[in-house]
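Notebook open, coffee poured. I want to go through a few spots in this model and jot down what I find.

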Amino acid sequence: MKTGSTSTLAWWQHGVVYQIYPRSFQDSNGDGIGDLPGIKQRLDYLTWLGIDAVWLSPIFPSPMRDFGYDISNFLDIDPIFGTLADFDALVEQMHRRGLKIILDFVPNHTSDQHPWFQESRRNRINPRRDWYIWRDPAPDGGPPNNWLSEFGGSAWEHDEATGQYYYHAFLKQQPDLNWRNPELVRTMHDVLRFWFDRGVDGFRIDVLHHLLEDSAFRDNPLNPEFAPGMRPSHALLRVHTVDQPEIQSVITGLRRVADEYPERVLIGEIHLPIERLVTYYGVELSGIHLPFNFNLIGAPWSAAILREIIATYEGALPQGAWPNWVVGNHDTGRIVTRIGANGARLAQMLLLTLRGTPTMYYGDELGMADVPIPPELVQDPFERNVPGIGVGRDPARTPMRWSGHNYGGFTDGRPWLPIGQGLARCNVESEGADPGSMLSLTRRLLRLRREEAALAVGDYQGMPCDEECLSYLRSHEGRQLLVMLNFSEGPRRLSLPPQAPNARMLLSSDAGRPLQTVRDSIALQGTEGVIMEVV
Ligand code: GLC
């Protein structure tokens with residue numbers, strides 16, 4: 001796939017995004033919950049690591065039923081995290097270091113404690129009634145239709161006082177906003193402007209595909225593939241509740257607001273198949289800059305499947321659309337737990353050498369694993385609503401490990417989630433001192449990506465390779481880098497492509513390996529990956 005010229009590329013194209021889950025990054029006041037002053041204390045770490053932009057999961061006032069994804073005021077900071085002054089100080093310090101800041105925008109719903117919803121539920125003629133989605137009961141008094149909440153149960157909640165139901169795609173404490181109401185749309189646009197005016201460089205937009213539902217409120221069809229053990233919401237196909245055609249005008253509206261400011265980025269959280277996902281770039285790229293590509297999260301971890309995914313995704317991108325890749329976030333199990341420690345090293349190399357903007361999840365650079373959470377400590381409302389099928393998200397949200405002491409240097413108090421095992425080995429301090437660590441590998445990869453335009457912005461060309469390996473060329477202005485990744489556990493001898501028979505190794509995922517010159521073929525260890533310059 002061809003990439004545009006570097007001079008026209010923006011920071012969010014050549015940069016690397018790092019997601020911070022603010023509750024778990026650094027506590028500064030001993031309450032066991034991370035906060036903004038804590039993040040500010042750790043900015044030197046982020047520059048040392050070598051990332052370019054930080055995305056913060058929600059930091060706005062919230063009853064925390066869904067840990068900040070239930071917002072009760074879009075225009076302030078929750079006291080747990082600090083104040084607007086702390087926020088401004090953080091932005092100032094980040095910009096001084098050349099770091100960009102991306103906030104989470106949650107447009108699909110508010111908290112039921114948001115004053116808008118409090119007004120909306122007051123009576124049927126309240127001007128804010130139509131800001132949410134209200135419906136009369138079905139003739140039998142039950143919910144208006146069969147729509148299901150992502151977090152279990154019906155998506156409709158009955159309101160005694162006004163005799164109608166309101167729709168909530170997530171918790172009943174997260175009523176859905178009505179994006180067909182023009183006043184609501186204008187108000188939400190002003191939310192974006194409020195933060196852009198404070199210097200925010202972009203937004204990650206929560207569940208963008210969920211913003212609109214069928215205006216005729218038709219039932220969703222049954223999912224013929226539904227089986228026990230699956231999430232209850234998967235009992236239906238979400239034909240009428242996600243990805244509705246009018247979403248296109250919503251995303252162009254959001255983009256127009258971002259375009260009022262220079263060099264801002266919109267990243268969309270969208271869980272859809274590739275062919276639908278890419279429509280969120282919008283007509284002639286008038287939509288979202290980076291619709292999140294989660295294909296590396298869901299996929300079985302094999303070279304053959306990944307090869308297919310990369311080709312399909314590259315092939316589906318509209319002309320000029322910028323790709324992006326994600327291997328972990330706050331909603332999914334940690335990569336180390338999914339595919340093992342060696343696999344995670346290879347995944348880091350894949351993430352940081354594919355074409356497109358990578359998003360890293362805090363702690364993955366240390367190889368942090370899922371921390372098992374005993375039932376009495378479970379915090380995640382999804383796990384509480386739907387226990388026992390492994391949907392819990394707490395294990396991947398545990399505190400960042402800065403050192404081997406006490407609570408890993410995260411807090412002086414008692415952390416809101418347990419720290420987990422293996423702290424002595426897996427923490428910033430000890431891994432920083434160990435050239436063979438996951439942290440050192442990540443830093444080397446990030447440094448190389450910064451030095452080599454071919455890696456950051458170069459063209460991508462998949463190369464034929466052993467079935468259990470991936471090989472691709474990244475090239476820019478005549479310089480070519482060849483990436484070879486061995487997904488099998490055993491050693492493999494791989495031929496260099498005929499157009500690039502001579503190469504010099506720049507980096508191996510095995511820190512102990514001498515960087516040699518390679519001719520015609522290279523022997524890789526099990527789950528080893530290498531980056532070479534073609535000479
Ligand atoms: C997104 C968030 C998730 C949240 C949900 C509801 O999927 O990433 O954490 O629970 O939206 O807002």
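**A buried glutamate**

I started with Glu383, whose side chain reaches the backbone nitrogen of Gly392 at 2.9 Å. I keep in mind that this is a predicted model. Glu383 sits in helix α12, residues 381-385.

Which side chain of opposite charge is nearest to Glu383? I looked it up: Arg393, at 8.4 Å. Salt bridges are counted within 4 Å, so Glu383 is buried yet has none. Setting aside neighbours within four places in sequence, I listed what Glu383 is in contact with: Val378, Gly388, Gly390, Val391 and Gly392.

**The cores**

Next I pulled up the largest nonpolar core, which has 143 residues. Tyr18 and Tyr45 have the most contacts inside it. Helix α11 (residues 335-351) gives the largest share of this core, 8 residues.

I then checked Tyr45, again without the neighbours within four places in sequence. Tyr45 is in contact with Tyr18, and its other partners include Phe25, Glu365, Met400 and Trp402.

There is also a second, separate core of 16 residues; I noted Met484, Ala503, Met505 and Met532 among them.

**Helix α7**

Last stop was α7, residues 247-259. Does its length come out as expected, or not? At 1.5 Å a residue, its 13 residues should span 18 Å, and I find the end C-alpha atoms 18 Å apart, so the two agree.

I also looked up its buried residues, which include Ile247, Val250, Ile251, Leu254 and Arg255. The buried residues of α7 pack against β3 (100-105), α6 (182-197), β7 (202-205) and β8 (265-268).

Definitions and conventions
Residues are numbered from 1 along each chain as its sequence is written. This is a predicted model: local features need pLDDT of at least 70, side-chain atom pairs count only at pLDDT 80 or more; totals for chains, interfaces and linings use all residues. Side-chain values use heavy atoms; hydrogens and water are left out. Helices (H or I, at least four residues) and strands (E, at least two) are DSSP runs, numbered from the N terminus. Buried means under 20% relative accessible area, exposed over 50%, partly exposed in between (1.4 Å probe, protein chains only). Lys and Arg count as positive and Asp and Glu as negative; His and the chain ends are not counted. A polar contact is a pair of N or O atoms within 3.5 Å; within protein, one must be able to donate a hydrogen and the other to accept it, and residues adjacent in sequence count only if both atoms are side-chain atoms. Contact means heavy atoms within 4.5 Å. A nonpolar core is a set of buried Ala, Val, Leu, Ile, Met, Phe, Trp, Tyr and Cys residues joined through side-chain atoms within 4.5 Å. The expected span of a helix is 1.5 Å times one less than its number of residues.
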